[in-house]
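Colleague: Could you please take me closely through one strand of this model, and then show how other parts are held in place around one another? I am in my first year, so I would be grateful for a connected explanation.

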Amino acid sequence: MRASLRQHGAAMVMLVNPISLRYALDYRTYPLWQAHAHTTYAFFPAEGPIVAYNVYGNPPGADDVRVGRQNTYFDGGTELPENARLIAQDVCDFLAEIGTDNRRVAIEYVNPSLTQALLQRGLEVIDGVAVAEEARIIKSPDEILCIKWAVEVAEHGIAQVKAALRPGVSEVQLWGLLNYTNLANSGDWHNGRMLASGHRVNPWLQEATDKKVEAGDLVAFDTDMVGPFGYFADISRTFFCGPGKPSSRQKQLYRLALEEIEYNSKLVRPGVTLSEIQERAWKTPDQYKENAYCCVLHGVGMTDEYPRVNPIYRGPNPYDGVIQEGMVVCIESYMGGVGERDGVKLEQQVLVTSDGIEPISTYPWESEFLE
């Protein structure tokens, strides 16, 4: 985080995102509340002590804990502009405290009133989200161990889903097994409830409901799980609900999705650019383009992160970049024709190594689709 601040030429960053607070301070308390009501915040300097405000307990990574200003409407109501002025004063006092004359400060997602108050004090304000996200691109050996453990927990949950899969069980009951397994192993939350069955598998991105699974249904899901230690397990699999065997069409969709995963996995290695991956990626047949997943691959750490590569037929990627050793990325695929009942979602989480990739998610592919 300090290196990222120096790269951006900023004296400090004000952190409010619960992901950033976990990464920088190991602050875990009330993260979903924090996601929409930024009660807690921290001043993180390029050099000097880290100060946390309005915390519950003492974050392990903070050097000091102080009572802060109210910068949410729930707490501050119509006093937000005045509280913003006071926070801007606190920022100026903090810069003096750490002994810097650098007036460039980075701020994560905040109210416009705070940005205005900082500008009025003569400070240069830049996006703190860039500082925080770029700090997380390369994973340390400890982070990789944390990610692998989160994936182990997620795959234990996946095994529970498969064991419970039968006609009559509901989508939310199956999803609840993933959620319970995560919580029971000291994980945190899921970004969504992405599990669907039968006709709800196509198109993708429909969340779990009380629909009952029927024999012959495909059941697809995406863990999207903030697991133990705050690290992300992002794995997609598609199962078949027996009795019986998958149809020839279901097998075809599964094989196409797996082919895309395996083909694009071979493109990922240090030094290759995002634009090169986009240009060389597996060629999606026309009939699947409209419903295809929103990206070919994306980074992952404490949640979905930089980088992201979009399918080339949806236009150029919004930015370019280079794949680096130590990144963790997810390779994505969804196969489902418009107007069809079935669809298959697969996703593999991998570590970028010096000469390619190392799979992190190892839950096996479904052999009955490959017979």
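**Strand E16 and its surroundings**

Modeller: Ten of the ten residues of strand E16 are buried, so the rest of the structure largely encloses this strand. Please bear in mind that the model is a predicted one.

Let us look first at the directions of the side chains. In a regular strand, side chains alternate between the two faces of the sheet. In E16, Val344, Leu346, Gln348, Val350 and Val352 point one way. Lys345, Glu347, Gln349, Leu351 and Thr353 point the other way, and all of these residues are buried. The buried set therefore includes charged residues such as Lys345 and Glu347 as well as residues such as Val344 and Leu346.

The partners of the strand come next. E15 and E16 run antiparallel and are joined by eight bridges. Within this pairing, Val329 stands opposite Val350 of E16. E16 also pairs in the antiparallel sense with strand E17 (residues 356–359), here over four bridges. In that second pairing, Val352 stands opposite Ile357 of E17. E16 and E17 form a hairpin, with two residues between them.

The loop before E16 leads to another kind of link. The side chains of Glu340 and Arg249 meet in a salt bridge, at 2.5 Å from N to O. Glu340 lies in the loop between strand E15 (328–335) and strand E16 (344–353), while Arg249 lies in helix H10 (residues 248–265), so the pair ties together parts that are 91 residues apart in sequence. Glu340 is partly exposed, with a relative accessible area of 27%. Arg249 likewise counts as partly exposed, at 21% relative accessibility.

The structure holds 24 salt bridges. Another of them joins Arg104 to Glu124, whose closest N and O atoms are 3.0 Å apart. Arg104 belongs to strand E5 (residues 104–107) and Glu124 to strand E6 (residues 124–127), so this pair ties together parts that are 20 residues apart in sequence. Arg104 is partly exposed at 26% relative accessibility, and Glu124 is partly exposed with a relative accessible area of 42%.

A salt bridge may also lie within a single helix. Glu276 and Arg280 meet in one, at 3.9 Å from N to O. These two residues are four apart in helix H11 (residues 274–280), and about one helical turn separates them. An α-helix has 3.6 residues a turn, so residues three or four places apart point the same way. Glu276 is partly exposed at 27% relative accessible area, and Arg280 is partly exposed at 39%.

Strands E5 and E6 also bring us to helix H6 (residues 112–120). The buried residues of H6 are Ser113, Leu114, Ala117 and Leu118. Seen down the axis of H6, these residues fall within an arc of 135°, so they line one face of the helix. On the other side of H6, Pro112 and Gln120 are exposed. What covers the buried residues of H6 includes strand E1 (12–15), helix H5, E5 and E6. Just after H6, Gly122 takes a positive phi of about 85°.

Helix H5 (residues 80–97) contains Leu95. Leu95 has a relative accessible area of 1% and is buried, because buried means under 20%. Leaving aside neighbours within four places in sequence, Leu95 is in contact with Ala11, Met12, Thr100, Asn102, Arg103, Val105 and Leu123. Leu95 and Phe43 are 52 residues apart in sequence, while their C-alpha atoms are 9.8 Å apart in space.

Finally, consider the enclosed spaces. The count comes to two cavities of 30 Å³ or more, and the largest has a volume of about 70 Å³. The residues lining the largest cavity include Pro18, Ile19, Tyr27, Pro31, Trp189 and Met302. Helix H2 (residues 18–25) gives the most to this lining, with three residues. Arg22, Arg28 and Asp188 are also among the lining residues, and with Asp26 these three are linked in a network of salt bridges.

Methods: Residues numbered from 1 in each chain as written. Predicted model: local features only at pLDDT ≥ 70, side-chain atom pairs only at ≥ 80, totals over all residues. Heavy atoms only, no water. Salt bridge = Lys/Arg side-chain N within 4 Å of Asp/Glu carboxyl O. Buried < 20%, exposed > 50% of the residue type's maximum accessible area, 1.4 Å probe, protein only. Pairing = 2+ DSSP bridges. Contact = heavy atoms within 4.5 Å. Arc of directions from axis to C-beta. 1 Å grid on protein atoms, 1.4 Å probe; cavity = no way out; pocket = protein on both sides within 12 Å on 5 of 7 lines; lining within 4 Å. Points joined across faces, edges and corners; volume = space filled by probe spheres on them.
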